[in-house]
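Thank you all for coming. I would like to walk through one model this morning, beginning with how two of its chains meet and then turning to one of those chains by itself.

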Amino acid sequence: MSTTTAKKQGFLADRANFLDERVGVAGILKEFGRKVFPDHWSFMLGEVALYSFLVLLLSGTFLTFFFQPAQTDVIYNGVFGPLKGAHMSVAYESTLNISFEVRGGLLMRQVHHWAALLFVAAAGLHLLRVFFTGAFRKPREINWVVGVVLFVLGMGGGFTGYSLPDDLLSGNGLRIIDGMIKGVPVIGAYISSLLFGGEFPGEAIVARLYGLHILLIPAMILVFIVVHLFMVVIHKHTHYSGPGRKDTNVVGYPLMPVYVAKAGGFFFIVFGVLMLIAATITINPVWNYGSYDPSPVSAGTQPDWYIGWADGALRLAPSHIETYWFGYTWSWNILLPILVLLVFLVLVAVYPFIEQWVTGDEREHHVLDRPRNAPVRTAIGAAGVVFYAVLWAGAGTDLIATNFKLSLNQVLTSMQILLFVGPVVAFIVTKRVCLSLQRKDQAIVLHGRETGRIIRLPHGEYVEVHEPLNEFEMWKLVDFKDYKPTLARPNAEGKITVGARVRAAFSRFYFEDRIAPVTAGELEAAHEHHGGHDDHAIEAPKAEKKAPAKKPAAKKAAPKKK
Amino acid sequence: MSNQGKSAAKGGAEHTYEGGLAVIPADAIKDPGLEPHRVRMTDKSPKHERAAVRQVASLFVLSFLGSAFSIYAYFAFPITDDLGSVRSNTLFLGLGITLGLMGIGIGAVHWAKTLMPDAEVSEERHQARSSEADRARALEIIKLADEESGFSRRKLIRRSLYTALAAFPIPAIFFFADLGKDQTNNLRHTMWKAGTRLVKDPTGTPIKASDVTVGSVFHVVPDGLVELEEHMLEEKAKAAVLLVRLDPADLKEDPAKASWSYDGIVAYSKICTHVGCPVALYEQHTHHLLCPCHQSTFDVTEHCKVVFGPASRPLPQLPIAVDSEGYLVAQSDFNEPVGPSFWER
């Protein structure tokens, strides 16, 4: 890699030479230029989030040129007829002006809003992908926590942005936040006064949220994204299990040129799709709602999707749980939901450490699990998804009731029950499904794939021909980590600690029901078994046609290659 | 530094960790190694390769046309007084930009997939953990720094530094105190006073008791609220009231509060005692008030007690009477704070 004397080596090389002689990029390029990235559709979820964030920065910057974050009362005199002469805040007026008086303004508002929805959605799905494939295992635990923080920051960015136009719905959202803050013991009402600059709604909140929304939160997201990606580079990307893919290597395509083209192109595709949605589908038509007023009713309204689960948690709290202790009000109907949300997020964030503690596995893991091969983890994930989903659906109890002609009270009570029963059912069902899929894989490895070809044997018996897998297909089904439960063992002082007992109990919970990967011995035995039977005879003539003497060859070929 | 690292990596033994509860079978099936690469049509046939080149270039040209169109659309579809123009401006501008973006995106990906090498390559990974030599050197540096500074040795310096570091952010917390004056006491009072007329929201017309028919509902604010120059919304957020007239036979009144209503007309705070949304969905045949935000339901016949949903307290009742002209007026302010609960309530 000598670039110092490089002249006229081609367009790109000449430009690179110019840069290298000034800032020394050759070293960086040497290190990263051919870095290998594995290919899989599910790895693009995080990319979607990243690109949505870039779109947010671009469209958001445009919006800041026109938006005025002030709540001073003005009388509207713009082009939108229905609101002419109405009192409104400057923030709301400037939002209307962006929508109706700036060419492409509405387009930018809609791109910004859709990109925000997509950002949180993609981050959430990315989080699920990482969870269900075990990509959070060592050495990526810290990056998982960073990811969870990014997801939460995304919600924060979304909410602060949603509140800026100062329309009826966003004001109502802030009213709910105000109510929640007031419910905090001891300091609640005081904090509310600080946040709103006095009594709700005041004239300060939009400007304050604006500062958070356009500076603090995006800056934090940016920093955490940089940390996130930096760690991806350090760890190199995980890959799915497959032939030749190991914990000690990474198999895929080089950054330059393949991933520059693919990932770079994908940015334009994500941007393009967002632009298409924004051009054709209206979102948050604030002109229909009017400026914020604490009094009008707004039935059937919904927050942006990612706030839904928090709103649902508020709705599902039981009646009459507020208490009046020591002369003070304890708003459990608010504290309980907040606590539930916080505990859920903390559990999600620390999950890698819990699992690592249970397995005691200190090795690095770079080959991803297929979800079925970690049945209890997958089941825990499913339970978590159902818990979140019920809270989320809880935010739509009124819409569910009106659209399906049900009693609102029954819908809400069902949700309350479902919040507890749903995750348990999801856990049991998912774990059983995973174990069954593992057994299916095991059967396929041992006996081959069902072909649907029925053959009649000379003595009249009918059997189905099973076609053996080739070694590559087989490897996908047997390459997974297997753990077994442990007993509580005494430590060096001969004592069985509480920690050891708990860990043993957890290990039973995780690995009591386990299906070990098929070993070479078992495979051999299965083939012997087939050989000893008549059905071996059926496979032989078929095998002769396509791949002669498939089975014995496969058996021997494997050890030879390694 | 990098030289040092390299030589150290060679010398340092590979660190291995325990697998914990992992089972490592002795006779595991062996990894067959990477699958043989399958050659693409564009690699085999020059005709397909040329076609792919044409497709990629066409996509880039399409992108150019899209961007050009969006510039045209910016001028061709201006925003006029007709609001329909906003729609066509948004649509055509957006479609042009979409084409401009998608052409580049799909073109680049197509280029990568059809014309760039598609044979997977394998690269070694290294453990995140540094080499033994690097770790030893790092530990040495830490120890040296500790030794040279006396960080561990000089307890006085260390502890005084901790104290100073713990204290220095605290002034910043105080700085937030001027974000707003504590308004907790204001939460206990609203604009309602003895004799304040009940007027319709938003027109501001006073309400005659005789105009309120059984079963009707009025959205009410105190007289004078609309004219407020300052803090109109803050006052409204506390003083909004819902007025309902029931058949007096339906009312199950607490004797202590029986004088708060007038001939079956009752007035309740419209601000939900849960988190403060306006509670104003009135169901006539059940006499229930429903909050649209979180579905707290209040029974108007029984002093708006909570019959369903997350709220805990009944909606505060505004004591009302009739003045000499027959208009509805407040007897006093609410007798308890309205809106969401708070600690000192």
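**Chain B and its contact with chain A**

In this model, 90 residues of chain B are in contact with 115 residues of chain A, where contact means that the C-beta atoms of two residues, placed from the backbone, lie within 7 Å. What we are looking at is a predicted model, in which local features need pLDDT of at least 70 and side-chain atom pairs count only at pLDDT 80 or more, while totals for chains, interfaces and linings use all residues. Residues are numbered from 1 along each chain as its sequence is written, and chains are lettered from A and ligands numbered from 1 in the order in which they are written.

Which element gives the most to the side of chain B that touches chain A? That is α4(B), with 18 residues; at least two residues each are supplied by α4 (84–114), β1 (121–124), α8 (232–239) and β9 (305–308) of chain B. Helices (H or I, at least four residues) and strands (E, at least two) are DSSP runs here, numbered from the N terminus. This side of chain B divides into 49 nonpolar, 22 polar and 19 charged residues, counting Ala, Val, Leu, Ile, Met, Phe, Trp, Tyr, Cys and Pro as nonpolar, Asp, Glu, Lys and Arg as charged, and the others, Gly among them, as polar.

Strand pairing also joins the two chains: β5 of chain A, residues 249–254, pairs with β1(B) in the antiparallel sense over four bridges, pairing requiring that DSSP finds at least two bridges between two strands. Within that pairing, Val251(A) has Ser122(B) as its bridge partner.

Turning to chain B alone, the assignment, which is automatic or from a database, gives domain 1 (41–114), domain 2 (132–176) and domain 3 (187–330). The C-alpha centres of domain 2 and domain 3 of chain B lie 62 Å apart, and the C-alpha trace of chain B spans about 100 × 75 × 50 Å along its principal axes.

Chain B also contains an open sheet of four strands, in the order β2-β3-β4-β5, with antiparallel pairing. Its edges are β2 (198–200) and β5 (265–269) of chain B, each with a single partner strand, so one side of each is left without a neighbour in the sheet. For β5(B), the pairing with β4 of chain B (residues 241–245) is antiparallel over five bridges, and Leu242(B) stands opposite Tyr268(B) in β5(B).
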